[in-house]
Every structure is written in structure tokens, then in C-alpha cells.
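Let us walk through this protein in short questions and answers. Keep the sequence and the 3D view at hand.

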Amino acid sequence: MNKNELKKYLDFRRITLILEKSLYVGFLCVQGLSTQDNRKLKKELDHIGYEYKVVKNTVICKVLAKLFVNFNSSLQGSIAICYLKNSDKDDISENLLFSKLKDLFKVINKNSRVFFLGSYFYGSFYNTLFERKVSSIDRKSTRLNSSHAN
């Protein structure tokens, strides 16, 4: 196994564990985001209690295909995941989770180059936008309304 294959394998295992252990995982399109903007987004998410990781499309598609039999997607562009830090599924109240999700959507809505694609929540995948190619997503249809974030 060469170095690139090993990295993909380790990323696959890491993402699989995140999905198995996390209460909530958000999938974001961060295509066109500069390195500086990426660092700023990571810092903002860290401040509200989320981990943030940019992930290779092939890795995320393989993980989701393993978890969901009917999942079939080929993504283009940069994809990132964010997930609650130290969230034990049995250890978080609905009110706290709702508050954390509102905080997440406020951060996402502040950046015009970040799009919410979908989420993995309590073992289920939500949002069919994730199954489309990122490059073909219509910007206006994917932006969250501010009424959803408040």
C-alpha cells in the first residue's frame, strides 16, 4: 500500500468512526473557499463546539455508500464535514442540540461561499442535495433561509 492509499484508508476509517459516534454531522460544500477563509470557518466552528475537516470526495462517497445501500453519488468540488465535539448520543439534550444547530447555521449563512449539503443525524442521512454533483447545484436553492437559522 503506497502513502496515498494509506492516507485514503485512514481517512475512510476516521470518517466512518465520526459517523458512527457523532450525534450530528453536517456536510458542506466549500468549493472556492480560500485557505484563509477555510481557517476562519474552522475557528468559528471550533468556537461554537464543532470540529471541522475538509475531506476528499472519493472518501466521503465510499463511506456513505458503505452506510447506505442506495447511495450513489459522484461529487465535485471541496467537501467538508463538521460535527459536534465530544457529543455522546446519550449525553446531550434536545434543547442543547437545537441550540448548537442554530449556531452552526448562523456561521454557515455568514459565508456566501459555504453551502449546506446535508446532514447525518441519529443514524439517518437527510437532504437529497448531497446526491447531486456539487458543481451543478443552484446557489439560491441551497442557501438556508435565515428563518431556519433563528
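The turns below go from the overall fold to single residues.

Q: What kind of model is this, and how are residues numbered?
A: Residues are numbered from 1 along each chain as its sequence is written, and side-chain values use heavy atoms, with hydrogens and water left out. Local features need pLDDT of at least 70, side-chain atom pairs count only at pLDDT 80 or more, totals for chains, interfaces and linings use all residues, and the model is predicted.

Q: How many helices and strands does the protein have?
A: Helices (H or I, at least four residues) and strands (E, at least two) are DSSP runs, numbered from the N terminus. Along the sequence they follow the pattern α-β-α-β-α-β-α-β-β-α-α. The count is six helices and five strands.

Q: In what order do the five strands form the sheet?
A: Two strands pair if DSSP finds at least two bridges between them. The sheet is open and its pairing is antiparallel. Its edge strands, each pairing on one side only, are β2 (50–55) and β5 (124–126). The order is β2-β3-β1-β4-β5.

Q: By what angle are neighbouring strands of this sheet turned against each other on average?
A: Axes are lines fitted to C-alpha atoms, for helices over the stretch in contact, and angles run from 0 to 180 degrees between N-to-C directions. For this average, direction is ignored. The value is 20°.

Q: Which residue of β5 is the bridge partner of Y120?
A: Strand β4 (residues 115–121) is joined to β5 by three bridges. Their hairpin has two residues between the strands, and Y122 there takes a positive phi near 50°. On the β1 side, β4 pairs over six bridges, and Y120 is the bridge partner of V25. In β5, the partner of Y120 is F125.

Q: Which strands does helix α4 touch?
A: Contact means heavy atoms within 4.5 Å. Helix α3 (residues 57–67) lies across β1 (24–29), β2, β3 (79–84), β4 and β5, at about 110° to β2. Helix α4 (residues 94–110) also packs on the sheet, and its direction makes about 10° with that of β1. The strands touched by α4 are β1, β2, β3 and β4.

Q: Which element gives the most residues to the largest nonpolar core?
A: A nonpolar core is a set of buried Ala, Val, Leu, Ile, Met, Phe, Trp, Tyr and Cys residues joined through side-chain atoms within 4.5 Å. The largest has 22 residues, and Y24, L28 and Y52 are among those with the most contacts inside it. Elements giving two or more residues are β1, α2 (35–47), β2, β3 and α4. With six residues, the top contributor is α4.

Q: How many residues are in the second, separate core?
A: This core includes F12, L19, V25 and F125. In soluble globular proteins, nonpolar side chains tend to be buried together. The second core has 20 residues.

Q: Is strand β4 largely enclosed or open?
A: Buried means under 20% relative accessible area, exposed over 50%, partly exposed in between (1.4 Å probe, protein chains only). Of the protein's 150 residues, 42% count as buried. In β4, six of the seven residues are buried, so this strand is largely enclosed.

Q: Why is the pair of F105 and F116 called edge-to-face?
A: Rings of Phe, Tyr and Trp (its six-membered ring) pair if their centres lie within 6.5 Å; planes under 30 degrees apart count as stacked, over 60 as edge-to-face and the rest as tilted. A search of the whole structure finds one aromatic pair. F105 sits in helix α4 and F116 in strand β4, 11 residues apart. Their centres are 5.1 Å apart and their planes lie at 85°, so the pair is edge-to-face.

Q: What distance separates the C-alpha atoms of K100 and L84?
A: K100 lies in helix α4. Not counting residues up to four places away in sequence, K100 touches I48, G49, Y50 and L84. K100 and L84 are 16 residues apart along the chain, and their C-alpha atoms are separated by 8.2 Å.

Q: What is the relative accessible area of T16?
A: T16 is found in helix α1 (residues 3–21). Leaving aside neighbours within four places in sequence, T16 is in contact with V63 and K66. T16 is buried, with a relative accessible area of 2%.
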